[in-house]
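Colleague: Could you take me closely through one part of this model, the surroundings of a single buried helix, and place that part within the whole fold as you go?

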Amino acid sequence: MIAESRRRFLIQSGRFGAAALAANWISRDAFANPMGRPVGIQLYTVNIPMQEDAAGTLKQLRDIGFAEVESAGFGKRSAKQFRGLLDDAGLVCPSAHLQFDVDNLGGTFEDAHVLGATYATSGSLVRGEWSKRSMSLDDAKRTAELTNRIGAAAKRAGLQYVYHNHDFEFADHGGAVGYDVLLRECDTELVKFEIDCGWMIFAGRNPIDYFKKYPNRFPMIHVKDFLPAQAKGADAGGGASMRGAELGRGVVDYKPIFAAAEKAGLKHYFVEQEGPFSRMNQLQAARVDYDYLHAMS
């Protein structure tokens, strides 16, 4: 009973804190961003300055204009210590990218509650033999079974589980792709999806098509741009390499994507940028990314 009471307190206090900070954000030019919602950032985007000075980096992100973050680990801190840094910076964390041990999810979900998160999100569930290759249709079925189990446990803990994609879910198998299998076989209430638009587009698919076909399945997206694909040399195994770009300086036009996402029930969006950061450092790139979205309303 004591543990359950503590969990409920964390849920209530986390949501109260998030609501208070969101109300403060609304007073600061709320409707000048896409969908009239705060601009968020996936903290992997600034992983280098976060390692050097997490507290200062979070405050700089808030000064730039970001109001929400999506966590990407806590460094050497506990979730409670990391939450303190977020509070000090005036940031909220609606989604947490976490490590999932399906046999021991209690600690994972506890961390999400401490952060005040609504969504417990897997940055990757790459497992076993397909960890370095494309997702087969059988892989997708096994992954759907796993995510349904995680989703059921998350619901019992008062959270929503979310699956985040990369590019390997879209490998073509005679016209079928693993991502579509996931969408068909995952329970629509237990498992939601966060579309990484950059990876999806890089893999040759269009987020707009998924928003139209599967409304209310995608509460969040990663807003990612990239330079035109460059072919790898034969000695690198062929294929194409993905090189990140600041928003508006790559190949993706996000205006139609946001229009379709809003109709499909999008609730949060997070800037995420892949490397290399050869043109500027990560915080400078984050400012360019924010300015692109802030001007897009």
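Modeller: The protein has eleven helices and twelve strands, and since this is a predicted model, what follows describes computed geometry. Of its 297 residues, 54% are buried, and among the contacts with a separation of 6 or more, 76% join residues 24 or more positions apart. The frame of the fold is a barrel, which eight strands close in the order S1-S2-S3-S4-S5-S6-S7-S12 with parallel pairing; on average, and ignoring direction, neighbouring strands of this sheet are turned by 30 degrees against each other. One of these pairings joins strand S1 (residues 40–42) to strand S2 (residues 68–72) in the parallel sense over three bridges, with isoleucine 41 having valine 69 of S2 as its bridge partner.

The part I would look at closely is helix H7, residues 178–185, where six of the eight residues are buried, so that the helix is largely enclosed by the rest of the structure. The buried residues of H7 are Gly178, Tyr179, Asp180, Val181, Leu182 and Leu183, and they pack against H6, strand S5 (160–164), strand S6 (191–196), H8 and H9.

Within H7, tyrosine 179 deserves particular attention, and once residues up to four places away in sequence are set aside, its contacts are Asn165, Glu169, Phe170, Phe193, Ile195, Met200, Tyr210 and Phe218. Tyr179 also belongs to the largest nonpolar core, a set of 83 residues in which Leu61, Phe109, Tyr179, Tyr210 and Phe258 have the most contacts. Helix H6 (residues 137–156) gives the most to this core, with six residues. As a general background, nonpolar side chains in soluble globular proteins tend to be buried together.

Two of the residues touched by tyrosine 179, Phe193 and Ile195, lead us to strand S6, which is mostly covered, with six of its six residues buried. Val191, Phe193 and Ile195 point one way from S6, while Lys192, Glu194 and Asp196 point the other way, and all are buried. Such a pattern can be read against the general rule that in a regular strand the side chains alternate between the two faces of the sheet. S6 pairs with S5 in the parallel sense over four bridges, and histidine 164 stands opposite glutamate 194 in S6.

Phe170, also touched by tyrosine 179, leads on to alanine 203, which sits in the loop between helix H8 (197–202) and helix H9 (207–213). Leaving out neighbours within four places in sequence, alanine 203 is in contact with Asp167 and Phe170. Alanine 203 counts as partly exposed because its relative accessibility is 25%, above the 20% under which a residue is called buried. From alanine 203 to phenylalanine 168 the distance is 7.8 Å, C-alpha to C-alpha, although the two are 35 residues apart in sequence.

For another view of helix packing in this model, one can turn to helix H4 (residues 79–89) and helix H5 (residues 106–115), which pack at an angle of about 20 degrees with their axes 9 Å apart. H4 and H5 are therefore roughly parallel to each other, and their crossing is right-handed. On the H4 side the contact is made by Ala79, Lys80, Phe82, Arg83 and Leu86, and on the H5 side by Asp111, His113, Val114 and Leu115.

How values were computed: Residues are numbered from 1 along each chain as its sequence is written. This is a predicted model: local features need pLDDT of at least 70, side-chain atom pairs count only at pLDDT 80 or more; totals for chains, interfaces and linings use all residues. Side-chain values use heavy atoms; hydrogens and water are left out. Two strands pair if DSSP finds at least two bridges between them. Axes are lines fitted to C-alpha atoms, for helices over the stretch in contact, and angles run from 0 to 180 degrees between N-to-C directions. A nonpolar core is a set of buried Ala, Val, Leu, Ile, Met, Phe, Trp, Tyr and Cys residues joined through side-chain atoms within 4.5 Å. Buried means under 20% relative accessible area, exposed over 50%, partly exposed in between (1.4 Å probe, protein chains only). Contact means heavy atoms within 4.5 Å. Angles under 35 degrees count as roughly parallel, over 145 as roughly antiparallel, 65 to 115 as roughly perpendicular and the rest as oblique. A crossing is left-handed if the near helix is turned anticlockwise from the far one by less than a right angle, and right-handed if clockwise.
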